[in-house]
Amino acid sequence: MTETADIVVIGGGIVGCAVTWHLAQLLGPSARIVVCDRGPIAGATSASCMGHLMVTPDNAQEYAFTKKSLALWAELHEKVGGFDYNPTGALYLADTDEDLALIPVLRQQFADHGDRADVLDRHQLAQLEPGLADDIPGALFYPGDGVVLPMLAAGAMLRAARLCNASVAVRPMCAVTGVVRDGSRVVAVDTERGRISTNRVVNSCGVWAPDLAELFGAELCGAARLPIHPRAGNLAITGHHVSPIRTQLLEISYLRFAHGAAKIDPTGNGGDPGGHAVNMQPQTNGGCLIGSTRQFRGFDKTLNRELLHRSLLRARRYAPGIAAAPIVRTWVGLRPYSTDGHPLIGPWPTIDGLWIAAGHEGLGISLAPITGRLLAQQIVGETLDVDVTPYLPGRFVA
Ligand SMILES: Cc1cc2nc3c(=O)[nH]c(=O)nc-3n(C[C@H](O)[C@H](O)[C@H](O)COP(=O)(O)OP(=O)(O)OC[C@H]3O[C@@H](n4cnc5c(N)ncnc54)[C@H](O)[C@@H]3O)c2cc1C
C-alpha cells in the first residue's frame, strides 16, 4: 500500500529540520509529516560550516529577519537545548583605516533599530578578550549574536517537532528520486524506499535544490535552472582547550566581503580567485573554529590551502596565541548562494504544492528558524512574522 503524507520535506539539513519543526508546530499533532534526506540528517553543508548566529542590521527588513530568527534560536535552547548554544555576542575587529570607518556606521545601523553595539577602547577590549593582540586599532561589540553547533541543532529541531507531533517521520539515507504530477499539481514523490502520496512538498536541498527542482519538470519551472550555486568555504579547527578567544570574532571587513550579491560569475566557470575575511568561533570544548573563505568553483571540495593559509594568518594577526594551537582538521563546505543574495522561501508559482526553502549562502544557520517559521506560516495561511516579499521564489519566474 502506498504511504501517504500531508507534506514531505525533502532535504534534512538545518533548513529542512527548521521547516519540519515549524510545520509540526503549526499543522498540529494529527498531520503526517515526513522528512527525507539522501544522506544522514545534517550531513551536508550543515555539517561543514560554522555556527555564528548573526544579526545583520543593514536595513529594517534584514534586521527583522535575522533578529527574529535569533529569538527563535533562544526559544529552541530554552525548550529543547542540547546544541551547544553559546550567546557570546560578536566582536567586530578593525585593522585598517577603511575598517575603522566601518565601526561608527555599523554601530549606527544597530542604533537605528533601537539596538545597541558598543565601541570598545583598548582597555575594554583587553578585558573582554585578553588573548587578542594589543595593537588592534578598533573594535565594536554587539551583544546579540551567538554560536551553535549546527549538527546538534538540527537534531534539537527534530526533537522540538516531535514534542508537537509524535508521528513526524524522519528518513535519513532516503533520496527522493522522482516526482509524480497530475498536470501542474504534485501528487506523489518517489523515494529510494517507495512512493509517498502527497500534495505538498518542500524543496530544502541547499546547493542541490536546482537538481531536485528538475525532477518536477524543467518545462514547468519557467526559469532555466533554479539560480542557486555552490560557494566554497575552507575551514580549520583546533584541538580542544586551546582557544585563545571566548567571543565570536570577525574582521569588520567581513561585512563588505560576505553579504549581498557577488560581482563574480557564480557558475564556477569564471575563474573566481576567491577571497577571505577571518571569522573565529570559540567552541564549548575549548577549541576554536577558523574560517572563512569564499570561492565559486562548482561542486569542487578540494581544500584551497593557499586561501585557508591566508585566513589563518589573519587569525594570528588578531589572536597571536592561535599560532600555538594545533589544527586537527581542515575541510570545505559549499554555501548555497542565490544569485540575488537572498534565500528562496515560499511557493513555486507554476507548480501546485511545491514549496522552496533554500539559498541561504553564509547565513543559513542564523536564518533557519525564521525560514522554517515563514514557510510554515505561508503553508497554513497564518499571519507572517516578517515580510516575506523579498524572499518569494516567484521573483525568479520569467
Ligand atoms: C564554510 C561555511 C561557513 C558557514 N558559516 C556559517 C555561519 O557561521 N553562520 C550561518 O548562519 N551560516 C553559515 N554557513 C551557511 C550555512 O551552513 C548554510 O546556509 C546552511 O547549512 C544551508 O543549509 P541547508 O539545509 O539549506 O543545506 P544542507 O545542509 O546542504 O542540506 C540540504 C540537504 O538536502 C539533501 N538532499 C539533496 N538532494 C536530495 C534528494 N534528492 N533527496 C533527499 N535529500 C536530498 C542533502 O543530502 C542535504 O543534507 C556557512 C557555510 C559554509 C560552507
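This briefing describes the domains, the nonpolar core, the ligand shell, the strand pairing and a few individual residues of one protein chain. The model is a predicted one. The chain is divided into two parts, domain 1 (3-68 + 150-227 + 340-396) and domain 2 (90-143 + 229-338), and both the largest nonpolar core and the shell around the ligand draw at least three residues from each of these domains.

**Domains and their contact**

- The centres of domain 1 and domain 2, taken over C-alpha atoms, are separated by 28 Å.
- Where the two domains meet, 28 residues of domain 1 are in contact with 27 residues of domain 2, and the side that domain 1 contributes is made up of 13 nonpolar, 12 polar and 3 charged residues.

**The nonpolar core**

- In soluble globular proteins, nonpolar side chains tend to be buried together.
- In this model the largest nonpolar core has 123 residues, and the residues with the most contacts inside it are Val 8 and Met 157; the core takes at least three residues from domain 1 and at least three from domain 2.
- Val 8, leaving aside its neighbours within four places in sequence, is in contact with Val 34, Cys 36, Val 189, Ile 196, Thr 198 and Val 201.
- Val 8 belongs to strand S2 (residues 7-10), a strand covered on both faces, with Ile 7 and Val 9 buried on one side and Val 8 and Ile 10 buried on the other.

**Strand pairing**

- Strand S2 pairs in the parallel sense with strand S3 (residues 33-36) over 4 bridges, and within this pairing Ile 10 stands opposite Cys 36 of S3.
- An open sheet of 4 strands, with mixed pairing, follows the order S1-S12-S11-S10, and its edge strands are S1 (3-4) and S10 (176-182), each of which pairs on one side only.
- Strand S10 runs antiparallel to strand S11 (residues 185-191), to which 6 bridges join it, and Asp 182 stands opposite Arg 185 in S11.

**The shell around the ligand**

- There are 43 residues around the ligand, and those that come nearest are Gly 13, Gly 206, Gly 233, Gly 333 and Gly 364.
- Counted by class, this shell holds 18 nonpolar, 21 polar and 4 charged residues.
- At least two residues of the shell are supplied by each of helix H1 (14-27), strand S14 (228-238), strand S17 (288-294), strand S18 (327-338) and helix H10 (364-380), and the largest share, 4 residues, comes from S18.

**Backbone features**

- The peptide bond that leads from Gly 291 to Ser 292 is cis, with omega near 5 degrees, and Ser 292 lies in strand S17, one of the elements that supply at least two residues to the shell around the ligand.
- Asp 84 has a positive phi of about 55 degrees although it is not a glycine; Asp 84 is placed in the loop between helix H2 (60-79) and strand S5 (90-94), and it counts as partly exposed because 18 other C-beta atoms lie within 10 Å, under the 20 that a buried residue needs.
- Glu 361 is another residue other than glycine with a positive phi, here near 45 degrees; Glu 361 lies in the loop between strand S20 (354-358) and helix H10, and it has 23 C-beta neighbours inside 10 Å, so it counts as buried.

**Two buried leucines**

- Leu 23 lies in helix H1 and counts as buried because it has 28 C-beta neighbours inside 10 Å.
- Although Leu 23 and Leu 375 are 352 residues apart along the chain, their C-alpha atoms are separated by 8.3 Å; not counting residues up to four places away in sequence, Leu 23 touches Ile 7, Ile 33, Ala 376 and Ile 379, and of these Ile 7 is one of the buried residues of strand S2.
- Leu 354 is found in strand S20 and, with 24 C-beta neighbours inside 10 Å, it also counts as buried.
- Beyond its neighbours within four places in sequence, Leu 354 is in contact with Val 186, Val 201, Asn 203, Phe 216, Pro 347 and Trp 348, and Val 201 is among the contacts of Val 8 as well.
- The C-alpha atoms of Leu 354 and Leu 72, which are 282 residues apart along the chain, are separated by 25 Å.

Key:
Residues numbered from 1 in each chain as written. Predicted model: local features only at pLDDT ≥ 70, side-chain atom pairs only at ≥ 80, totals over all residues. Pairing = 2+ DSSP bridges. Core = buried A, V, L, I, M, F, W, Y, C linked by C-beta atoms within 7 Å. Buried ≥ 20, exposed ≤ 12 C-beta atoms within 10 Å, placed from the backbone. Domains from an automatic or database assignment. Contact = placed C-beta atoms within 7 Å. Nonpolar A, V, L, I, M, F, W, Y, C, P; charged D, E, K, R; others polar. Near = placed C-beta within 6 Å.
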